[in-house]
Amino acid sequence: MQTDQLMLNSQVKIAEQSLTSRITLVLTLCFAFLSPVLAQVEKEFSEFSRAQAEFDNGNYAAAIDVAEAGIERARISKNIQSTFRGLDIIASSQISSENYDKADVTLKETLKLASTPIEEAQVYFRFAWLMRSQRKFPEAVEFSKKALLKAPQDRQIRAEYFLNLGRVMFASGYDISAIVWLDKAEELLDPAITNATAVDTYRFLTLAWSSRLNYQVALKYAEKWISVSGRTQFRYKYRQALFELATILSASGQTKRANLTLEKGVKLAVDENSAYHACIFLTSLLLHALDEDDIPKARNYLRELEKLDVKKAFSFETLLGNAMVSAFDGQHDQSERFFADLDKLKSDSEFVLPYWKIVVAERNRDWKRVIELNQGLLDLTTKNNFRDGLPRIYLTFAKAHLQLGQPQSSIGHLEKSLGYIEEIRRSQNTSLSLGLVNTFHDAYRLLVQVKSQTGGTSLEAFQLADFLKARLLKDKINNAAFSTDTTIPPAMKQKFEQLSLRYFDDPKIAAEIEQDEKSITTTAPELNLVIPNLTGLEDLSDLSDSAIVSYFFTLDKQLLAFVWEAGKPIRMIHLPVSEQDIESEAKATHQKIKNFVFFKRDGKELFDKLLKPLSLSAKHLVIVPDKHLWKIPFQALSPDGTKYLIEDKVVSYAPSVSILLEQLKAPKPVRRTLQAFANPSYNNQFLQYVNAEATTVAEMFGSRPLLNATTSDFRERSDKADILHFSMHAQVDNDEPLDSFLGFRRVGANDGRLTVEDILNSQLKKESLVFLASCDTNNVLSGEGLVSLAWGMMGAGATTVVSAQWEANDKLTGIFSKAFYKHIKQGVSSAEALQRASLEMIRNKSNSMHEPYYWADFTLNGDFR
């Protein structure tokens, strides 16, 4: 019995061993069979991944070559899925390379291999892309509809469908209709997923809002575009986003940030072995440098461009760079040879060469050549119906005719330039581009220059100059990267959806869409401006012992001073200082004041240049600066080298005479209530005395200060008090002053920044006074005029603003503000209160508070009563 059991166990073991051996053998044979198959699949996968990476990096020819090799292997192994993927990469690369016929054949083959509704939808979207690239918009829409029908409930498919409709409308020139569809696509995006649909949705929202000249919104979408594309494998799209961001920054006047972004793009493209895209970035940098007359930078960018352009794809751009650099270096014969070579090459735009030839001719002061070239550009612009280019062309004619001694012809061309701009402003029913705004400003500067040189009356020139100053503020609100309400009303959204769908079937309704799109405008607060009639100054008793000095730089950068004094005719004086001189003087003055080495003799030198030639006798001086003159503290100048101007004169400022005139026509403001806001700490910067300052000034008016104040506190109280006092950190953004801010307390996600834009969207109490006891709150935008936190407060409703020209000492600011309010409560005018507070500090030799650094930084802008 036991023996039988042993034999049975032995047989079982033998059987188990035999089975194990057979299984091992089978697995070995299977592995031997599958190994090459798995290796083949792995190789195909690797090849398609490489092909995809080449496509994502914008290397389309390489993507096709690698994908074709992978498809060949996939067909041998009969791997349909891999073949489908490879064909999709090839088709996408062919469309991107504009090989449309080949792409059509490839897509038809790809569609046959689609095995799921999602894959079929994917191919139909590729067909839509192909049609859209050829501007076959009805066909593109039909393919998009086919894609949607394959998977109508799929969120991703629906998002891509809306994206496609938005792209069709954008390509058709209907920005608002495009935005409506793109918004619908954005609503379906999953924040956790970053893919091509998300990237392209933000891309076209950026482009559409930029096309509407709403750069503020365009910048926000550009940042989303960069953020999303930076987290994907789409390196080409990320570089594309950087380039578009730089373009928008440049268009909105943020040249420094634009150039930094372009330089980042160059480095990124070089690091990712994309010489072609590096050259695109370098081309923009080169043109920016030439436009700014920065020849050393232009020369460096040109060298880099020539080095990277191995395939000579940028021959036109390098020749143009060489032509311009040679011209700027005075090598005229060499420049002409380069231009002769350029005439033989094809350019992306027929406007490029004439433009730069005119720049060279202007630089050489060859005004007859300027007129000849400009006439050719005018003919070209008219032929192409490029209306927006006409104002700059007529301005160029005006400059040339003035230099040739033909002032009446110059005036005629200026009137055409300005007339076209106003017509464009009305017909487009939207903001002007920055280029048109600058042309508008330049035309007025030149018009004042012509009038001042050809016997025009002082009053006429004065009114033209003041109109431009008032207009500068309005245009900065409407155009300097500041806009605006982005909301399209729901009823209009629905209407644009319906019109779009009808347009896809019947393009004849295009006129109806255009008309409706013009009715959608960006809204912004505006100052009430009219072309000034300054004869009303004589009727104002508040100006009985006042002189108004309005400075104005002409287009050729010379300085005029218009002087109004009660009972005297308006005078126009040419001062022998240039715009460059004043820029240097302003920098030197600030540096000396901050280093406590600005002496009265320095103040006398400036007085002799700016005020002595005007022979002023009035007790009160109202200064209306221009450009860098905003940075000169006139109150600290010295008429005789022994005392400051403010010791003899009351000094106040105004952004324009017409704005001041409107303020003074209203009854004198009565200001009895004060609200103080204080926040001692912001971004690791601590102001020790601001809480005490706010408490002191609030007690003077029987109110309670808001310590550790938030932006919500400001919004709740901003329209309640006659006087608003701010004791906190302020930060100026020189590249984008509308982002300058007051630093309130951070609360959760709210960073505590109250920007100029936020202020302009607020409503202050009518005729209120604002005291900005913070650093450098009186900044200048592009040297053009008062664009700052102080100006923002005026734009929001304040009529008097006291602000600082440089970083204030918070302890002595408390002493100054207390003295100012003491005199306000005694009933003197706000300008005289500022003078008395300054005099108290000048006469107090303790703690060096007599130094201009502690009192001359405060200026009073606006209604001085």
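Me: Why is Thr83 called buried?
Reply: Buried means under 20% relative accessible area, exposed over 50%, and partly exposed in between, with a 1.4 Å probe and protein chains only. Thr83 has a relative accessible area of 5%, so Thr83 counts as buried. The model is predicted: local features need pLDDT of at least 70, side-chain atom pairs count only at pLDDT 80 or more, and totals for chains, interfaces and linings use all residues. Residues are numbered from 1 along each chain as its sequence is written, and side-chain values use heavy atoms, with hydrogens and water left out.

Me: Where does Thr83 sit, and what is Thr83 in contact with?
Reply: Thr83 lies in helix 3 (residues 80-96); helices (H or I, at least four residues) and strands (E, at least two) are DSSP runs, numbered from the N terminus. Contact means heavy atoms within 4.5 Å. Apart from neighbours within four places in sequence, Thr83 touches Ile71, Ala74, Arg75 and Leu113. The side chain of Thr83 also reaches the backbone oxygen of Asn79 at 2.9 Å.

Me: What makes helix 21 largely enclosed?
Reply: In helix 21, 17 of the 20 residues are buried, so the rest of the structure largely encloses this helix. Helix 21 covers residues 434-453 and reaches 29 Å from its first C-alpha to its last. The expected span is 1.5 Å times one less than the number of residues, and for helix 21 that gives 28 Å, close to the value found. Just after helix 21, Gly455 takes a positive phi of about 85°.

Me: How do you know that helix 13 is mostly covered?
Reply: Twelve of the 17 residues of helix 13 are buried. Among them are His277, Phe281, Leu286 and Leu290. The cover includes helix 11 (235-251), helix 12 (255-271) and helix 17 (352-363).

Me: What makes a group of residues a nonpolar core, and how many residues has the largest?
Reply: A nonpolar core is a set of buried Ala, Val, Leu, Ile, Met, Phe, Trp, Tyr and Cys residues joined through side-chain atoms within 4.5 Å. The largest has 116 residues, and those with the most contacts inside it include Met169, Leu290 and Leu320. A second, separate core of 85 residues includes Leu560, Ile570, Ala676 and Ala804. In soluble globular proteins, nonpolar side chains tend to be buried together.

Me: Why are strand 10 and strand 12 said to stand at the edges?
Reply: Three strands form an open sheet in the order 10-11-12, with antiparallel pairing. Strand 10 (730-731) and strand 12 (753-755) each have a single partner strand, so one side of each is left without a neighbour in the sheet.

Me: How do you know that strand 10 and strand 11 pair?
Reply: Two strands pair if DSSP finds at least two bridges between them. Strand 10 and strand 11 (residues 741-743) have two bridges, in the antiparallel sense. Gln731 stands opposite Phe741 in strand 11.

Me: Which strands pair with strand 13, and how are its faces covered?
Reply: Strand 9 (residues 723-728) pairs with strand 13 in the parallel sense over four bridges, and strand 16 (residues 800-804) does so in the parallel sense over three bridges. Phe726 has Leu772 as its bridge partner in strand 13. Leu769 and Phe771 on one side of strand 13 (residues 769-772), and Val770 and Leu772 on the other, are all buried.

Terms used. A polar contact is a pair of N or O atoms within 3.5 Å; within protein, one must be able to donate a hydrogen and the other to accept it, and residues adjacent in sequence count only if both atoms are side-chain atoms.
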